[in-house]
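Hi everyone, thanks for making time this morning. I'd like to walk you through one structure, starting with its charged pairs and ending with its nonpolar side chains.

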Amino acid sequence: FPAQAVRDAYAAGQRDFGENRVQEGLQKIRETTDLTIRWHLLGHLQTNKARKAGPAFAMVQSVDSVELLEKLDAAASDAGAAPELLIQVDLAGEATKFGVAPGEVPRLFDAAAACRAATVVGLMTLPPIPESPEDARPWFRRLRELRDEWRAAGVPPSMLAELSMGMSGDFEVAIEEGSTMVRIGT
């Protein structure tokens, strides 16, 4: 969507906006500096773009490695920024999607404890594209269950406050399964 669409949605009360690509997001951020917007980076982030993304976005929802977490934190620290981060958990193991396997997530929590500027505040998942919204339910339920297991294992609740799951076609099911944040694009 062009910057004018962002302005129109802002005029209607929207304050959080997401972008899938760093370059497009940075352009829209520059075009809307007069507005008080919380920009979210939703798409896959390569580590070589972390220096630009870390300070620019209020939230990065696609952290999938310790290396990326550390680079985002360093970039944010150098720029005096404090982005919130979500760990993207790959529950389905699809070759076309990114994310960290559930068994590797605790390593990211450990690395997050050493961050100076960035803060891990939750988890995000992208289920396989469902034929019906109900098909996504098991994936959303599984992420909520993992969050609960990690809380019980002693991960600080502040690192597990958000569950970003659900998009335009399945957000109702995601909310029923505990989503605190949905990504609406249509």
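**Salt bridges and cores**

Let me begin with one residue you can find on screen: Glu84 is partly exposed, at a relative accessible area of 27%. Please keep in mind that this is a predicted model.

What does Glu84 pair with? Its partner is Arg38, in a salt bridge whose closest N and O atoms are 3.1 Å apart. Glu84 sits in strand 4 (residues 84–88) and Arg38 in strand 2 (residues 38–41), so this pair ties together parts that are 46 residues apart in sequence. Arg38 is partly exposed too, with 32% relative accessibility. That is one bridge; the search of the whole structure turns up 17 salt bridges.

Now for a pair within one helix. Arg142 and Glu145 form a salt bridge at 3.6 Å, N to O. Both belong to helix 6 (residues 137–152), where they are three residues apart, about one turn of the helix. Arg142 is partly exposed at 32% relative accessibility, and Glu145 is partly exposed at 33%.

Staying with helix 6, let's turn to Arg144. Arg144 makes a salt bridge with Glu177, and here the closest N and O atoms are 2.6 Å apart. Glu177 is in the loop between helix 7 (171–176) and strand 7 (181–183), while Arg144 is in helix 6, so the pair ties together parts that are 33 residues apart in sequence.

Is Glu177 buried or exposed? Glu177 is buried, with a relative accessible area of 4%. Arg144, on the other hand, is partly exposed at 23%. And these two have company: a network of salt bridges links Glu134, Arg137, Arg141, Arg144, Glu176 and Glu177.

Let's move on to the nonpolar side. The largest nonpolar core has 46 residues, and the members that touch the most others are Leu72, Ile87, Phe109 and Leu123. Which helix gives the most to this core? That would be helix 5 (residues 105–112), with five residues.

Phe109 deserves a look of its own. Leaving aside residues up to four places away in sequence, Phe109 touches Ile87, Val120, Leu123, Trp150, Val155, Met159 and Leu160. There is also a second, separate core of five residues, among them Met59, Leu86, Met124 and Met181.

That's my tour, folks. I'm happy to go back to any of these spots on screen.

How values were computed:
Residues are numbered from 1 along each chain as its sequence is written. This is a predicted model: local features need pLDDT of at least 70, side-chain atom pairs count only at pLDDT 80 or more; totals for chains, interfaces and linings use all residues. Side-chain values use heavy atoms; hydrogens and water are left out. A salt bridge is a side-chain nitrogen of Lys or Arg within 4 Å of a carboxyl oxygen of Asp or Glu. Helices (H or I, at least four residues) and strands (E, at least two) are DSSP runs, numbered from the N terminus. Buried means under 20% relative accessible area, exposed over 50%, partly exposed in between (1.4 Å probe, protein chains only). A nonpolar core is a set of buried Ala, Val, Leu, Ile, Met, Phe, Trp, Tyr and Cys residues joined through side-chain atoms within 4.5 Å. Contact means heavy atoms within 4.5 Å.
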